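Student: Could you take me slowly through one part of this protein, and tell me what surrounds it? I would like a connected account rather than a list.

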Amino acid sequence: MSTIANNIAKVAARIREAAQAAGREPSTVGLLAVSKTQPAGAVREAFAAGLGDFGENYLQEALEKQALLADLPLNWHFIGPIQSNKTKAIAEHFDWVHSVDRLKIAQRLSDQRPAHLPPLNVCLQVNVSDEQSKSGCSESEARELVAAISALPRLRLRGLMCIPAPSDDAAVQRAAFARLRHLRDELDLCMDTLSMGMSQDLEAAIAEGATWVRIGTALFGARDYGRPQ
Ligand SMILES: *Cc1c(COP(=O)(O)O)cnc(C)c1O
């Protein structure tokens, strides 16, 4: 087995064990492979080993990779911060956007979603850590944003996403993920998605109801931001 196939097997086992420990069906937890900074060949290898959903943070890098992988039936997820001048290409080239955190961006994605494609799946990113984090709306803004985004015709609001401040303490990890789950339960509106959990904290996220875990390092190894992409 290649290293990537090996890593996928290990992550799949972690997901299975965490789901079973939480009394959940493992198939209810999706594995989103975060391929930012990884070459197209790594995505190809992960696809050959059974993965079909890939997450990217940087638009230009993602578009180049998508062009090299156009022969494969992949689902692409945008998970990074979004500037307004990037919404058109994101609306045209992705199946999901996990990182919507303000109405202006949601509005533009809806307006710019091409008519021949199904509505774009989106998650509202919420800042559940009290640190001065760069991205995500506040919990108090979430209700109004959920209502407004739900009304946009070319988006399908699937749920909530968070990136809590990193912690080695499982109880602290779970508390942050629990806040996102409670918020989802409070707002409901048929949201079926909680996008939460990364390589270090996927067990805590699954215990609190994650339906997508976004995994980079545990699948592809450490990222090298210095290498030309
Ligand atoms: C990079 C990234 C991940 C993956 O993180 P790992 O710790 O490498 O698993 C997940 N989600 C987002 C939003 C990211 O930017």
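Tutor: What follows is a close look at the strands β1, β2 and β3 and the loops beside them, with the whole chain as background.

Please keep in mind from the start that this is a predicted model, and that every value below is computed from it. The protein chain has nine helices and eight strands. Its radius of gyration is 17 Å, close to the 17 Å that the globule rule gives for 229 residues, so the chain is as compact as a globular protein of that length. Along its principal axes the C-alpha trace spans about 50 × 40 × 35 Å, and 52% of the 229 residues count as buried. If we take the contacts between residues at least 6 apart in sequence, 59% of them join residues at least 24 apart, and the part we are looking at offers several examples of residues that are separated in sequence and brought together in space.

Let us begin with Gly55, which belongs to strand β2, residues 53–56. Gly55 counts as buried because its relative accessibility is 0%, and the cut-off for buried is under 20%. Setting aside residues up to four places away in sequence, Gly55 touches Leu32, Ala33, Val34, Ser35, Lys36, His77 and Ile79. Ala33 is 22 residues from Gly55 in sequence, yet their C-alpha atoms are 5.9 Å apart in space.

One name in that list, His77, takes us to strand β3. His77 is also buried, at 0% relative accessibility. Apart from its neighbours within four places in sequence, His77 is in contact with Asp53, Phe54, Gly55 and Glu56 and with Leu32, and its other contacts are Phe94, Trp96, His98 and Trp212. The contact between Gly55 and His77 can therefore be read from either residue, since contact means heavy atoms within 4.5 Å.

After strand β3, which covers residues 75–78, comes a loop that leads to α4 (87–93), and Gly80 has its place in this loop. Although it sits in a loop, Gly80 is buried, with a relative accessible area of 1%. Beyond its neighbours within four places in sequence, Gly80 is in contact with Glu56, Asn57 and Ser99. Glu56 is thus a residue that we have already met among the contacts of His77, which means that heavy atoms of Glu56 lie within 4.5 Å of both His77 and Gly80. His98, another contact of His77, is 18 residues from Gly80 in sequence, with 7.9 Å between the two C-alpha atoms.

Now turn to the other loop, which runs between β1 (30–34) and α2 (40–48) and contains Thr37. Most residues other than glycine have a negative phi. Thr37, however, has a positive phi of about 70° although it is not a glycine. Thr37 is buried too, with a relative accessible area of 0%.

Which residue from the segment after α9 is in contact with Thr37? Arg223 is found in that segment, after α9 (217–220), and among its contacts, leaving aside neighbours within four places in sequence, are Lys36, Thr37 and Gln38, together with Gly216 and Thr217. Lys36 is one of the residues that Gly55 touches as well. The C-alpha atoms of Arg223 and Ser35 are separated by 9.3 Å, while the two residues are 188 apart along the chain. Unlike the buried Thr37, Arg223 is partly exposed, with a relative accessible area of 27%.

A last point concerns the cysteines, for the structure holds zero disulfides. Cys123 is in no disulfide, and the nearest cysteine sulfur, that of Cys162, is 11 Å away. The sulfur of Cys137 also has its closest cysteine sulfur in Cys162, at 11 Å, which is too far for a bond. Cys123 is buried at 0% relative accessibility, and Cys137 is buried at 2%.

Notes
Residues are numbered from 1 along each chain as its sequence is written. This is a predicted model: local features need pLDDT of at least 70, side-chain atom pairs count only at pLDDT 80 or more; totals for chains, interfaces and linings use all residues. Side-chain values use heavy atoms; hydrogens and water are left out. A disulfide is a pair of cysteine sulfur atoms within 2.5 Å. Buried means under 20% relative accessible area, exposed over 50%, partly exposed in between (1.4 Å probe, protein chains only). Helices (H or I, at least four residues) and strands (E, at least two) are DSSP runs, numbered from the N terminus. The radius of gyration is taken over C-alpha atoms; the globule rule is 2.2 Å times the number of residues to the power 0.38.
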